[in-house]
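User: Could you walk me through the ligand site and the aromatic pairs in this model?

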Amino acid sequence: MNTIKIQKMDITQADTDCIVNAANKSLLGGGGVDGAIHRAAGPELLAECRTLHGCETGQAKITKGYNLKAKYVIHTVGPIYSGREDDPMLLRDCYINSLNLAKANGLHSIAFPAISTGVYGYPVKEAAEVSYKAVTDWLTENADYGMDVLLACFNDKTVEAYRSISE
Ligand code: ADP
């Protein structure tokens, strides 16, 4: 059975099979959730990321989780919010491609941060709508797989945005 949970938490503490990193195209670390994940995973994560040669917006790449509780990190690059019509498409791609990559690696639980809603400036409510729909669409399409999705919200605003959609 597939599940979705919305929780206020620090994603580096998630004990899911994998956690998703809202990275930048270089995959060489940054601020926000990216910095927190690299700090918690340790320097070996950056060493493996260097071998990946970056990632395009909307795409996803996987590494090991090193010192994290999660065995793997899926690095995806959200769109920098522009107000143009491809923002929601690219944000949706991040969630769909991350879930596909988790499934391709035989993983059955995944935690997501609210991709693009920090430095990349995506309005939280709009991002939550796109993200929640992407996740529920994927879970419907993969109903027989068994994936537990944790939406790891760093603040109350994000929790409330997801809760108002899911209720
Ligand atoms: P982006 O560049 O994709 O906007 P940010 O890291 O700036 O990425 O922010 C993405 C989201 O991650 C924001 O909602 C931010 O509050 C949240 N965030 C920051 N640190 C953490 C953390 N340790 N756990 C979960 N979410 C976090």
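**Ligand site and aromatic pairs**

Analyst: Happy to! In this predicted model, an N or O atom in the side chain of Thr 117 lies 2.7 Å from an oxygen atom of the ligand. The protein covers 90% of the 560 Å² of accessible area that the ligand has on its own.

User: Which residue has a polar side-chain atom 2.9 Å from a nitrogen atom of the ligand?

Analyst: Let's start with the residues that come nearest among the 15 around the ligand: Asp 10, Val 33, Ser 116, Thr 117 and Gly 118. Ser 116 uses a polar backbone atom, 2.9 Å from an oxygen atom of the ligand. The side-chain atom 2.9 Å from a ligand nitrogen belongs to Asp 10.

User: Which helix gives the most residues to the shell around the ligand?

Analyst: The ligand sits in the largest pocket. By class, its shell holds 9 nonpolar, 5 polar and 1 charged residues. With 3 residues, the top contributor is helix H1 (residues 32–41).

User: Is the aromatic pair of Tyr 81 and Tyr 122 stacked, edge-to-face or tilted?

Analyst: The count comes to 3 aromatic pairs. In the pair of Tyr 81 and Tyr 122, the centres are 4.8 Å apart and the planes are at 55 degrees, so by the cut-offs of 30 and 60 degrees the pair is tilted.

User: How many residues apart are Tyr 81 and Tyr 122?

Analyst: Tyr 81 is in the loop between strand E4 (72–77) and helix H3 (86–104). Tyr 122 is in the loop between strand E5 (109–112) and helix H4 (124–141). The pair links distant parts of the chain, and the residues apart number 41.

Definitions and conventions: Residues numbered from 1 in each chain as written. Predicted model: local features only at pLDDT ≥ 70, side-chain atom pairs only at ≥ 80, totals over all residues. Heavy atoms only, no water. Near = heavy atom within 4 Å. Polar contact = N/O pair within 3.5 Å; in protein donor to acceptor, adjacent residues only side chain to side chain. Areas by Shrake-Rupley, 256 points an atom, 1.4 Å probe, with all protein chains shown as cover. 1 Å grid on protein atoms, 1.4 Å probe; cavity = no way out; pocket = protein on both sides within 12 Å on 5 of 7 lines; lining within 4 Å. Sits in = over half its atoms within 2 Å of the grid points. Helix = DSSP H or I, 4+ residues; strand = E, 2+ residues; numbered from the N terminus. Nonpolar A, V, L, I, M, F, W, Y, C, P; charged D, E, K, R; others polar. Phe/Tyr/Trp six-rings, centres within 6.5 Å; stacked < 30°, edge-to-face > 60°.
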